[in-house]
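Thank you all for making time this morning. I would like to walk through one structure with you slowly, going part by part, and please keep the picture in view while I talk.

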Amino acid sequence: MIALRRVRYTYPESGRPALDDVDLSLPAGSFTLAVGPSGCGKSTLLRTLNGLVPHFYGGAFAGRVSVAGIDPVALTPRRVGRHVGFVFQDPEAQFVVNTVEDEVAFGMENFGVAPVEMRRRMADILPRLGLERLRARRVDSLSGGERQRVAIASVLALQPSVLVLDEPTSQLDPDGAAAVLSLIDDIHASFGLTVVLAEHRVERVVGTADLVLTVDAGQVAVGAPRVLLAHHKLAPPVTRLAAALGWDPAPLTVEEAHVFTRSADCPSSPAPFPHMEGKGRNLSLPSPLDGRGVGGEGAERGDMLLEMRGVAHDYGGAAALRDVDLTVRAGEVVALMGPNGAGKTTLLKLAIGLLRSRTGEVRVLGQPVRGGETADLAQRVGYVPQNPSALLFADTVRGEVAFTRKTHRLPMDDGILDALGLRPLADAYPRDLSVGERQRTALAAVLAADPALLLLDEPTRGLDSVQKAALASLLREQAAAGRGMLLTTHDVELAAACADRVVILESGRVTEAGDTAAVMARAPAFASQIARLFPGRGWLTPEDVLVSRDALCR
């Protein structure tokens with residue numbers, strides 16, 4: 001179904017190939033999970049399958065591609081689109097019209113699908129993706145996760161023979177992600193659809209995939225999931241734990257790992273595993289700060305940085321938040337979790353003054369937000385939105401950091417580039433980077449201002465597990481320095497790695513709040529793999545298990 005022969009591709013003005021002499025064969029009806037570090041070439045590889053590479057991006061292309069018996073390079077993406085459905089990493093990039101219903105219908109209209117058949121397909125797809133109640137809503141009024149489901153629906157409605165998805169669950173809550181993946185798996189099984197899906201949260205998909213395709217520095221390898229992931233640095237948490245404890249065969253899911261848990265405390269021959277150095281969640285990186293003190297004001301651990309009491313907000317009469325209480329103190333990381341559309345992003349916007357609460361009070365660093373200027377708040381509060389591109393405007397990554405430092409009358413310091421792994425990209429144009437690289441660039445630009453309070457909206461979007469571990473370490477280090485952080489996330493593994501407390505929002509209300517381990521024990525849908533593997537033990541990450549095991553076995 002899919003074959004690449006000696007494919008080599010270099011983007012315009014790039015000094016190195018994004019794909020380098022790639023040979024690849026995927027059989028018809030297969031479900032392939034593509035994994036690899038952020039910026040390794042996964043998205044580029046996927047874009048060769050519908051002709052966007054090289055037709056849309058230009059550059060130098062060599063080799064041969066065959067998908068469903070056609071050549072995407074010889075044809076145009078428009079002619080390939082009926083056979084190869086493509087869901088982008090950034091769903092906004094493929095929206096054309098205003099409402100959900102019109103967006104899902106748009107592709108079918110362009111390919112001449114009869115109205116009766118269009119209605120039948122929409123009646124099937126919209127409820128299965130949880131979009132029936134949203135069909136009349138404007139796309140720009142939806143949450144990030146809801147937009148992602150609309151993008152998937154618009155592609156599935158065309159009934160392609162090959163479905164290519166670039167991180168389709170990156171903005172979905174755990175239940176929403178499970179529903180989308182279940183739908184894709186059902187379509188794959190029922191109709192023999194060939195699926196290629198790139199995903200950084202490998203644990204969500206690996207139990208479904210027939211094959212794993214690893215991409216690194218433009219090189220690819222294809223094989224059975226258990227073979228390629230057993231010792232891979234991007235393996236799921238339970239698989240990394242299994243390698244460290246010598247479990248064989250290596251489990252890929254929590255269900256497979258349960259047979260080994262009785263021997264987890266004192267294994268006979270524990271083995272080292274890359275990227276698991278350190279002691280539990282107390283990992284750290286060198287501080288990128290210049291020693292002035294957090295926020296330039298020397299905030300001390302325990303100081304109240306954000307306080308919300310009885311906060312409510314409406315959109316056009318519909319309640320987005322209702323009677324919300326929430327606090328963030330200096331020195332702690334608070335993870336805000338919950339279903340898509342629960343009000344998490346709205347809450348962050350209230351904290352930075354982009355929205356005003358209808359009732360209650362929001363106080364930042366002891367001062368009420370109501371009546372203040374957002375520009376004044378931005379001097380003390382750093383905010384990284386869900387779409388990092390909204391913050392990027394400079395010609396280089398270093399230029400983004402330099403602008404922030406200059407604006408706040410601070411000397412230039414490249415330390416933040418090192419802390420976020422951006423030094424090799426310092427001279428790159430930010431908008432040419434991958435989503436994960438742009439996410440880190442936006443975070444660097446905001447963190448360079450040395451804010452006392454940091455607000456992060458889905459900060460791991462586009463980040464691989466190694467970069468995610470580095471981000472968790474950075475957040476812990478920043479908390480140790482006295483900074484307070486509130487982050488919205490669907491990434492339960494990030495919350496497990498760095499959050500002191502978890503607050504769960506559902507339908508605009510706080511339904512759970514407390515210590516991370518306690519909340520994950522009460523809300524399994526928002527629990528990490530290790531928390532589900534060892535319920536009631538208080539272990540959240542592989543590192544927690546290893547450190548506790550060492551203590552138990554001494």
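Let me begin with an enclosed space inside this predicted model, namely the second largest cavity, whose volume is about 50 Å³. It belongs to a set of three cavities of 30 Å³ or more that the structure holds. Which residues line the second largest cavity? They are E167, S170, E199, H200, R201, T460, L463, K468 and D491, and if we sort this lining by character, we find five charged residues, three polar ones and one nonpolar one.

From there I would like to turn to a single residue, Q529, which lies in helix α19, a helix that covers residues 529-533. Is Q529 buried or exposed? Its relative accessible area is 3%, and because buried means under 20%, Q529 counts as buried. If we leave aside the neighbours within four places in sequence, the residues in contact with Q529 are E203, P236, P237, V238, L252, V254 and E493.

Now to the sheets, and here a general point may help: strands of a sheet pair through backbone hydrogen bonds, and they do so either parallel or antiparallel. One open sheet in this model has three strands in the order β2-β1-β4, with antiparallel pairing. Its edge strands, each pairing on one side only, are β2 (19-26) and β4 (60-67), and the twist from one strand to the next averages 15 degrees. Strand β1, which covers residues 2-10, pairs with β2 over five bridges in the antiparallel sense, and within this pairing L4 has L24 in β2 as its bridge partner.

Another open sheet has four strands, ordered β11-β10-β13-β14, again with antiparallel pairing. Here the edge strands are β11 (318-329) and β14 (367-368), each of which pairs on one side only. Strand β10 (residues 304-315) and strand β13 (residues 359-364) run antiparallel and are joined by five bridges, with R309 standing opposite E361 in β13.

Lying across β10, β11 and β13 is helix α11, which runs at about 120 degrees to β10. Why can we call α11 largely enclosed by the rest of the structure? Seven of the nine residues of this helix, which spans residues 344-352, are buried, so the description follows from that count. The buried residues are K344, T346, L347, L348, L350, A351 and I352. Just after α11 comes G353, which takes a positive phi of about 85 degrees, and with that residue I will stop.

Note on methods. Residues numbered from 1 in each chain as written. Predicted model: local features only at pLDDT ≥ 70, side-chain atom pairs only at ≥ 80, totals over all residues. Heavy atoms only, no water. 1 Å grid on protein atoms, 1.4 Å probe; cavity = no way out; pocket = protein on both sides within 12 Å on 5 of 7 lines; lining within 4 Å. Points joined across faces, edges and corners; volume = space filled by probe spheres on them. Nonpolar A, V, L, I, M, F, W, Y, C, P; charged D, E, K, R; others polar. Helix = DSSP H or I, 4+ residues; strand = E, 2+ residues; numbered from the N terminus. Buried < 20%, exposed > 50% of the residue type's maximum accessible area, 1.4 Å probe, protein only. Contact = heavy atoms within 4.5 Å. Pairing = 2+ DSSP bridges. Axes fitted to C-alpha atoms, helices over the stretch in contact; angles between N-to-C directions.
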